[in-house]
Amino acid sequence: MSNKNKTIHEFDFNFICEYFSRLERQGPGSPEATLKALGFIDNLTGQSCIADLGCGTGGQTRTLAAHVQGSVTGLDLFPDFIRIFNRQATQSGLQDRVEGIVGSMDKLPFAEEELDLIWSEARPIDLHLAALRSMGAAI
């Protein structure tokens with residue numbers, strides 16, 4: 001079979017998910033980088049709602065949740081990542097405040113002004129800034 005004219009929609013992502021699911025993070029960064037960026041955010045409370053877009057298996061999400069109050073929802077396109085995400089949240093004792101859900105950044109499942117913070121270490125967020133700003137959250 002030729003790869004000519006193959007689109008991303010025809011690509012088998014299972015290979016990528018299998019490889020990257022073994023890593024703590026599926027993108028760049030480190031716990032130290034997460035905490036440094038988090039140091040610029042204030043005014044989060046126990047009622048704050050935070051979304052981590054493109055969360056992968058949740059390495060940075062668990063770091064985030066361990067250092068902030070409120071609830072954190074991780075959103076990723078790949079169900080296998082979310083299964084690992086939720087298992088690791090439970091193993092870390094964060095299941096009461098951290099939940100992973102399957103979804104796309106192109107169609108966010110949050111109501112307008114529902115979120116207090118939108119977090120993403122996964123990809124350049126500027127592709128979605130207009131949509132995210134319309135939700136009324138800090139970016």
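Contact, as the word is used here, means heavy atoms within 4.5 Å. On that basis, and leaving aside neighbours within four places in sequence, V98 is in contact with T61, A65, V72, F85 and A89. The model is a predicted one, and its protein chain comes to five helices and four strands, which run from the N terminus in the order α-α-β-α-β-α-β-β-α. Of the 139 residues of the chain, 37% count as buried, and residues 24 or more positions apart account for 63% of the contacts that have a separation of 6 or more.

**Strand β1 and its partners**

- Strand β1, which covers residues 49–53, is largely enclosed by the rest of the structure, because four of its five residues are buried.
- On one pairing, β1 is joined to strand β2 (residues 71–76) by five bridges, and the two strands run parallel; within this pairing, the bridge partner of A51 in β2 is T73.
- Between these two strands the chain passes through helix α3 (residues 59–67), and the resulting β-α-β crossover from β1 to β2 is right-handed.
- β1 also pairs with strand β4 (residues 117–119), again in the parallel sense, over three bridges, and here the residue that stands opposite A51 is I118.

**Helix α3**

- Helix α3 is mostly covered, with seven of its nine residues buried, and these are G59, Q60, T61, R62, T63, L64 and A65.
- The cover over the buried residues of α3 includes helices α2 (31–38) and α4 as well as strands β1, β2, β3 (98–102) and β4.

**Nonpolar cores**

- The largest nonpolar core has 15 residues, and those with the most contacts inside it are I50, L64, V68, V72 and V98.
- Helix α3, helix α4 (79–91) and strand β4 each supply at least two residues of this core, while α4 gives the most to it, with three residues.
- A second core, separate from that one, has eight residues, among them A51, M105, L108 and L115.
- A51 therefore belongs to this second core, while in the strand pairings its partners are T73 in β2 and I118 in β4.

**Cysteines**

- A search of the whole structure finds zero disulfides.
- C49 is partly exposed, with a relative accessible area of 24%, whereas C55 is buried, with a relative accessible area of 1%.

**The salt bridge in helix α4**

- The count of salt bridges comes to one, and it is formed by R83 with D80, whose closest N and O atoms are 2.1 Å apart.
- Both R83 and D80 lie in helix α4, where they are three residues apart, or about one turn of the helix.
- An α-helix has 3.6 residues a turn, so residues three or four places apart point the same way.
- R83 counts as exposed, at 52% relative accessibility, whereas D80 counts as partly exposed, at 35%.

**Two loop residues**

- G54 is found in the loop between β1 and α3; its relative accessible area is 19%, and because the cut-off for buried is under 20%, G54 is classed as buried.
- Although G54 and D76 are 22 residues apart in sequence, their C-alpha atoms are 4.7 Å apart in space.
- P109 has its place in the loop between β3 and β4, and with a relative accessible area of 48% P109 is partly exposed.
- Leaving aside neighbours within four places in sequence, P109 is in contact with L75, I101 and E114; of these, L75 is 34 residues from P109 in sequence, with a C-alpha to C-alpha distance of 9.2 Å.

How values were computed:
Residues numbered from 1 in each chain as written. Predicted model: local features only at pLDDT ≥ 70, side-chain atom pairs only at ≥ 80, totals over all residues. Heavy atoms only, no water. Buried < 20%, exposed > 50% of the residue type's maximum accessible area, 1.4 Å probe, protein only. Pairing = 2+ DSSP bridges. Right-handed = clockwise from strand over helix to strand, strands pointing away. Disulfide = S-S within 2.5 Å. Core = buried A, V, L, I, M, F, W, Y, C linked by side-chain atoms within 4.5 Å. Salt bridge = Lys/Arg side-chain N within 4 Å of Asp/Glu carboxyl O.
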